[in-house]
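This briefing collects points to check against the sequence and the coordinates, grouped by topic. Please read it with the structure open alongside.

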Amino acid sequence: MERTESQMLIIFGASGDLTARKLIPALFHLHCGKYLPKNFLVLGVSRSEFSDEEFREKVVYKSSYLEGDIKEKGSKIAEEFADKLFYHDLGASYEASYVALSKRIATLNEKYQTRDNFIFYLSTPPNIYEVIAKNLSEQGLTHQENGWKRLIVEKPFGYDLASAKDLNHGLHRFFNEDQIFRIDHYLGKETVQNLLVTRFANSIFEPLWNRNYIQHIEITNAESVGVEKRGGYYDGAGALRDMFQNHLLQIVSLIVMEPPISAEAESIRNEKVKALKSLRILRDEESLKENIIRGQYLSAEIDGKKVKGYREEDGVDPDSTTETFVAIKFFVDNWRWKDVPFYVRTAKRMPTKVTEVVIHFKPPHHKIFTESGMFNKDNKLIIRIQPDEGILIKFGVKVPGQGFKVERANLDFYYDSLAENNLMAAYERLLLDAMQGDATLYARADEVEAAWEFVDPILEFWNTSKDSMIYGYSAGVWGPQNADDLIEGENTWRNPGSNLADDPGFCVIN
Ligand code: BG6
């Protein structure tokens, strides 16, 4: 295990939901696993009035997100952990003077010997990232003469290509690129990281990982929940910005990339950028119309209960045309992937929660078992990102008995079968990496911009073209019916689970 140096984690937006829901539980688990350095503390910063003790009450002792953990681990360890947490009230605005904050940091640094090593975690709206960076810089808190300084920023990183570039430019005024850690929690998932290991630590997959053997690639990210309490944010974002631009394009880049020269952060990130830049951008109206289906969930009855439609959700405009489903077909313009279609979809209010990558292999070139019916069933490699994390290979076996009847069999591996099955939650892994200065699982500026390059023309088309349709689908079904037509030939999406609503509710809503 790498050594984690003494340090202070300063969380901006500490009174918000993410801090209580994800960050503090992740830190608590790291504390219980003895991953935190001896000299470590968290300083929560935001505009609410809390004392240190009130902050500890909120995010530890009275937090519903830690209740189970504290019961399991005991109150002594919770107290030990809570004692590492402090709070600073910034006053009315994030634009205020940071003199008092700077003094507080200096006092804590001195007292707890955190050696001037600071991570600033921005869990605030992105439009104030630059203001915070500027204020920190004015207090000399970005200088690295004595101890390192790092900045972690949450998604969304930009609203489109132009705003992402502005944001990068704004942050680069005060921090060097190697100080900036752009978080994408999908990269913290074991199974997403395992894509690299599957491909580059085995000799059996990589020789097949190309246009000669792969027929098409399918990626599904489905959530059974709707927008829940985040209607206000989601209505201005939509599935394309919320999931596709970041999490799904990160997965795509790991599938598409060429073998890196080493496992160093920069080698891997160089290949990922190259991969994202090789995606064929859908630019003309015809391609944008034909290769993208967007949808929005409608109310439905599931198990006798009425489920709200998207437009009825709190914080959502009743005439909203924001997509909660998007399916995209695209190609990758390089030697390895020429003519191999990629189909990627993400949606809310699907029948189940699942994220998986399905690699469909080409059928055998010469078919000798003509009557077995196997030729409509391709060989598949299914990489299950969540839940039931694991890998499955589907292949043909002979049915015992006369003749050559072929049936489908599975070779599988599930993470929960490992004796040492200590899956770190995404935020734990990512926080620990940033504490150790490892940026491999964080997105670099050019990576984020390359992803926006692909997404921007789609947003533009939806905003401006009369021809861009949005289709309704009942909550609890696998999206609008016509999303099936996106996949060429007799193939269709692999739907791991059946529809929950009887009526597909398919209609044009814009
Ligand atoms: C977030 C999105 O980034 O990822 C949410 O903003 C989404 O809308 C979430 O629900 C999904 O994450 P996971 O880890 O549950 O698949």
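F404 is exposed, because its relative accessible area is 55%, and a residue counts as exposed over 50%. The model in which this is seen is a predicted one, and F404 sits there in the loop that runs between strand 15 (390-398) and strand 16 (406-414). Together with I368 and F369, F404 forms a nonpolar patch on the surface, and the accessible area of these residues together is about 320 Å².

**Charged surface**

- A negative patch on the surface is made up of D284, E285, E286 and E290.
- Within this patch, E290 has its place in helix 12, which covers residues 285-291.
- E290 counts as exposed because its relative accessibility is 51%, whereas the cut-off for that class is over 50%.

**Overall form of the chain**

- The chain contains 14 helices and 18 strands, and buried residues account for 55% of its 510 residues.
- For a chain of 510 residues, a compact globule would be expected to have a radius of gyration near 24 Å, and the chain agrees with this because its own value is 24 Å.
- Taken along its principal axes, the C-alpha trace of the chain spans about 80 × 50 × 45 Å.

**A buried strand residue**

- T346 belongs to strand 12, which is formed by residues 342-347, and T346 counts as buried because its relative accessibility is 2%, with the limit for burial set at under 20%.
- Although T346 and I487 are 141 residues apart along the chain, a distance of 15 Å separates their C-alpha atoms.

**Salt bridges**

- Side chains of opposite charge can pair when their charged atoms come close. The structure holds 31 salt bridges, and the bullets below describe examples, including a network.
- E53 and R56 are joined through their side chains in a salt bridge, with a distance of 3.1 Å from N to O, and both residues lie in helix 2 (residues 52-61), where they are three residues apart, or about one turn of the helix.
- The two partners of this pair fall into separate accessibility classes: E53 counts as partly exposed at 41% relative accessibility, while R56 counts as buried at 9%.
- R444 and D446 form another salt bridge, in which the closest N and O atoms are 2.9 Å apart; here R444 is buried, with a relative accessible area of 10%, and D446 is partly exposed, with a relative accessible area of 28%.
- The side chains of R199 and E206 also meet in a salt bridge, at 3.0 Å from N to O, and in this case both residues are buried.
- R199 and E206 are in addition members of a network of salt bridges that links them with E258 and R336.

**Cis peptide bonds**

- The peptide bond that joins K155 and P156 is cis, with an omega of about 5°, and P156 lies in the loop between strand 5 (149-153) and helix 7 (161-172).
- A cis peptide bond is also present from Q386 to P387, where omega is near -15°, and P387 is found in the loop between strand 14 (380-386) and strand 15.

**Positive phi outside glycine**

- D339 is not a glycine, yet its phi is positive, at about 70°, and its place is in the loop between strand 11 (325-330) and strand 12.
- D339 counts as partly exposed because its relative accessibility is 46%, a value that belongs to the class between the limits of under 20% for buried and over 50% for exposed.
- R349, likewise a residue other than glycine, has a positive phi near 55°, and R349 is found in the loop between strand 12 and strand 13 (354-361).

Technical notes
Residues numbered from 1 in each chain as written. Heavy atoms only, no water. Patch = residues over 30% accessible without salt bridge, like charges linked within 9 Å, V, L, I, M, F, W, Y side chains within 5 Å. Areas by Shrake-Rupley, 256 points an atom, 1.4 Å probe, with all protein chains shown as cover. Salt bridge = Lys/Arg side-chain N within 4 Å of Asp/Glu carboxyl O. Lys, Arg positive; Asp, Glu negative; His and termini not counted. Charge placed at Lys NZ, Arg CZ, Asp CG, Glu CD. Helix = DSSP H or I, 4+ residues; strand = E, 2+ residues; numbered from the N terminus. Buried < 20%, exposed > 50% of the residue type's maximum accessible area, 1.4 Å probe, protein only. Rg over C-alpha atoms; globule rule 2.2 N^0.38 Å.
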